Number of protein chains: 2
Amino acid sequence: MKLVKGAQSIAYDRAPYLISSASVVGKKEGAGPIGEMFDLVGESDLFGENTWEEAESTMQREACLLAMGKAHVSQNQVRYLFGGDLLRQGIATSMGVEKLQIPMFGLYGACSTSGEALALASMSVAAGYGEYILAVTSSHFGSAEKEFRFPLSYANQRPLSAHWTVTGSGAFLVGKKESHVRISGLTVGKIVDYGLKDSQNMGACMAPAACNTIWQNLQDFGRSPEDYSRIITGDLGYVGQSILFDLLLEKGYDIRGKHLDCGMTIFDQQTQDTHAGGSGCGCAATVLSAYILPKIERGEWERVLFVPTGALMSTVSYNEGASVPGIAHAIVLEHKA
Amino acid sequence: MKLVKGAQSIAYDRAPYLISSASVVGKKEGAGPIGEMFDLVGESDLFGENTWEEAESTMQREACLLAMGKAHVSQNQVRYLFGGDLLRQGIATSMGVEKLQIPMFGLYGACSTSGEALALASMSVAAGYGEYILAVTSSHFGSAEKEFRFPLSYANQRPLSAHWTVTGSGAFLVGKKESHVRISGLTVGKIVDYGLKDSQNMGACMAPAACNTIWQNLQDFGRSPEDYSRIITGDLGYVGQSILFDLLLEKGYDIRGKHLDCGMTIFDQQTQDTHAGGSGCGCAATVLSAYILPKIERGEWERVLFVPTGALMSTVSYNEGASVPGIAHAIVLEHKA
């Protein structure tokens, strides 16, 4: 099998399929520009639970159950699960998928985790380690503000460069069974650190990593931006997008005509007061499931480079003066007739 | 290839090799019963840095460099890195491996992370995704007390059931190049929750998961405990060990004659005041590298079941009254003449 490609990429000879997916989001996301496309919009962001953390876990579980349900696959047919979230010690995932009783690998890649999970799920299916494998990620505005900034009741002010964490979870069933979307390859990201230290400007922190991974993907596959219908980053937002354009132009690539950012897609910046855009492990995942995949399934987009981006930091590293490096993983998604 | 086995396991037709490894530990670990066996013992637990977190990152980087150095493999020959630690948002790993510039997957599996990393590294090598792949984990007493309990300067009292987090990092180079240790199979763990809520008694929280994974390994491979030279858990400690024995006896297996626990091996409970035993992502990893692997390399132990165990919790989940479920991953290590 000709699998390993270039410096950081894998190209599948027999590409696994993205069989089904599901998205579960909160009220604000449901009121946004693509609100009608999500599978499930919560009436309350507590999703019937007592805490933001439990609510996030519930979204993950529901997203997994919906994704499996759509494919008529039961949880005991799913061999492994790759999952992650933004919270310390990944408790949204641990508590969320516990009841599914699927052997699991916990991941942490900040907001790039949906890319990491899809990479490992497709690598496992392509290697024959499972017929069906689940990838799931989530984030929640309430739990993330508490984790990274202040409890919501403090009503703190946000700079315009700040993101709004998406309340949502996206789950993906990857396997050998044919569908209209194939995962044909991937590029695993390196940690890229330009020395930025502003955790309220994550777009700027993540843009160099996105540039690095997109550039590497083009080199490894011998492609140009024209070979992709769209190049879609996770949550660079308005600030990060312009930096990404500049960085890639310096390297000779103009992706301005075909770039989308999930964080800019999920909210209406003007009317929803979301500043730089949406963010969180749930942002790229829910937009992929609800907005991107249907277009690939229909053949509207032939080949998409999906590049979730993550800012690697914690309140401890921030308070100790460490910089905020970024990481981005790229997944190549192709329409299959 | 006959790879998938039973309900949760993988058996490799062409087992990858554990080519080299390295262990870096703190002062207390260096003064313990196996202190002489570690590659590097720090003179100060700050390892020349300003914070516990930076110290932990430095241990990870040193462990990776040592493991690669022993095998005469440079970092640009290493295709991917799987790494994790106990800190929120895995910053010890992000900041630790950043300089190596190896495409990386961040993991979180609490103290079971060394098993998770070795599982994914061996799965990737066996599938042909890389010639050399690194697995690394770490923990640090200072950063972990701050993360999960109180800053050290509070000098809080510890119950006898509490663990002592190991200051240490273990790194493992997995690949196709022959060595005297093969990773012949693995069993991926499920989350097991007996409803226990005492984060100061993690041995009891993790023992059911260890039992579940060991039992499943024996079923999937059609083996009995006699087929293993040793069955070695990560950090159940004295309390967890006796629960594991009871739970496995109920299922008809007596492993009392061949069980070891890394947390009980690394410290001398009587003289080092470590209570239930050592714990942390660095515990199982450093004991595997320094103590277990040399015995397998020499053929003293023919086949070992290595089962790092993790307690899934955070200060948030604990304060919100959630239980502490456990997870354990099993790696089958075999001597190769």
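No disulfide is found anywhere in this predicted model, over all chains. C64(A) takes part in none, and the cysteine sulfur nearest to its own, that of C281(A), lies 13 Å away. The side chain of C64(A) is also withdrawn from solvent: its relative accessibility is 0%, so the residue counts as buried. For C262(A), the closest cysteine sulfur belongs to C283(A), at 5.6 Å; this separation is too far for a bond, because a disulfide requires the two sulfur atoms to lie within 2.5 Å. C262(A) likewise counts as buried, with 0% relative accessibility.

The interface between the two chains was examined next. Chain A and chain B bury about 5,000 Å² between them, and 61% of this area is on carbon and sulfur atoms. Three residues, Q89(A), Y129(A) and I191(A), supply 16% of the area that chain A buries against chain B, more than any other three residues. The contact draws on 61 residues from chain A and 61 residues from chain B.

Polar interactions across this interface comprise 30 residue pairs in polar contact, counted where both residues are at pLDDT 80 or more. On the chain A side, at least two residues each come from the strands β1 (4-5), β2 (9-11), β5 (80-84) and β6 (104-107), and from the helices α3 (91-97), α4 (113-126), α5 (141-148) and α11 (315-319). Helix α4(A) gives the most to this side, with 6 residues. By class, the side of chain A that touches chain B has 32 nonpolar, 18 polar and 11 charged residues.

Between chain A and chain B, the count of salt bridges is 2. In one salt bridge, K146(B) pairs with E320(A), and the closest N and O atoms are 2.9 Å apart.

Over all chains, the count comes to 22 salt bridges. Within chain A, D254(A) forms a salt bridge with R256(A), with the closest N and O atoms 3.0 Å apart. Both partners retain some access to solvent: D254(A) is partly exposed, with a relative accessible area of 37%, and R256(A) is partly exposed at 49%. A further salt bridge joins the side chains of E334(A) and R303(A), at 3.1 Å from N to O. This pair links distant parts of the chain, since E334(A) lies in strand β17 (residues 330-335) and R303(A) in strand β14 (residues 303-307) of chain A, 31 residues apart. R303(A) is partly exposed, with a relative accessible area of 21%.

In chain B, the side chains of K336(B) and E178(B) meet in a salt bridge with an N to O distance of 3.5 Å. Here too distant parts of the chain are linked: K336(B) belongs to the segment after β17 (330-335) of chain B, whereas E178(B) lies in the loop between β9 (168-175) and β10 (181-187), 158 residues apart. K336(B) counts as partly exposed, at 22% relative accessibility, and E178(B) counts as exposed, at 56%. Salt bridges that share partners also join E53(A), K146(A) and E320(B) into one network.

Three serines were considered individually. S112(A) lies in the loop between β6 and α4 of chain A and is buried, with a relative accessible area of 0%. Apart from residues up to four places away in sequence, S112(A) touches P308(A), T309(A), G310(A), I327(A), A328(A) and H329(A). From S112(A) to I19(A) the separation is 93 residues in sequence and 21 Å in space, C-alpha to C-alpha.

S114(B) is located in helix α4 (residues 113-126) of chain B. At 2% relative accessibility, S114(B) counts as buried. Leaving aside neighbours within four places in sequence, the residues in contact with S114(B) are T137(B), C281(B), A284(B), A285(B), F306(B) and P308(B).

S199(A) lies in the loop between β10 (181-187) and α6 (202-221) of chain A. With 11% relative accessibility, S199(A) counts as buried, because the cut-off for that class is under 20%. When residues up to four places away in sequence are not counted, S199(A) touches M313(A) and Y318(A).

Key:
Residues numbered from 1 in each chain as written. Chains lettered and ligands numbered in written order. Predicted model: local features only at pLDDT ≥ 70, side-chain atom pairs only at ≥ 80, totals over all residues. Heavy atoms only, no water. Buried < 20%, exposed > 50% of the residue type's maximum accessible area, 1.4 Å probe, protein only. Helix = DSSP H or I, 4+ residues; strand = E, 2+ residues; numbered from the N terminus. Contact = heavy atoms within 4.5 Å. Buried area = accessible area lost by both parts, 1.4 Å probe. Salt bridge = Lys/Arg side-chain N within 4 Å of Asp/Glu carboxyl O. Polar contact = N/O pair within 3.5 Å; in protein donor to acceptor, adjacent residues only side chain to side chain. Nonpolar A, V, L, I, M, F, W, Y, C, P; charged D, E, K, R; others polar.
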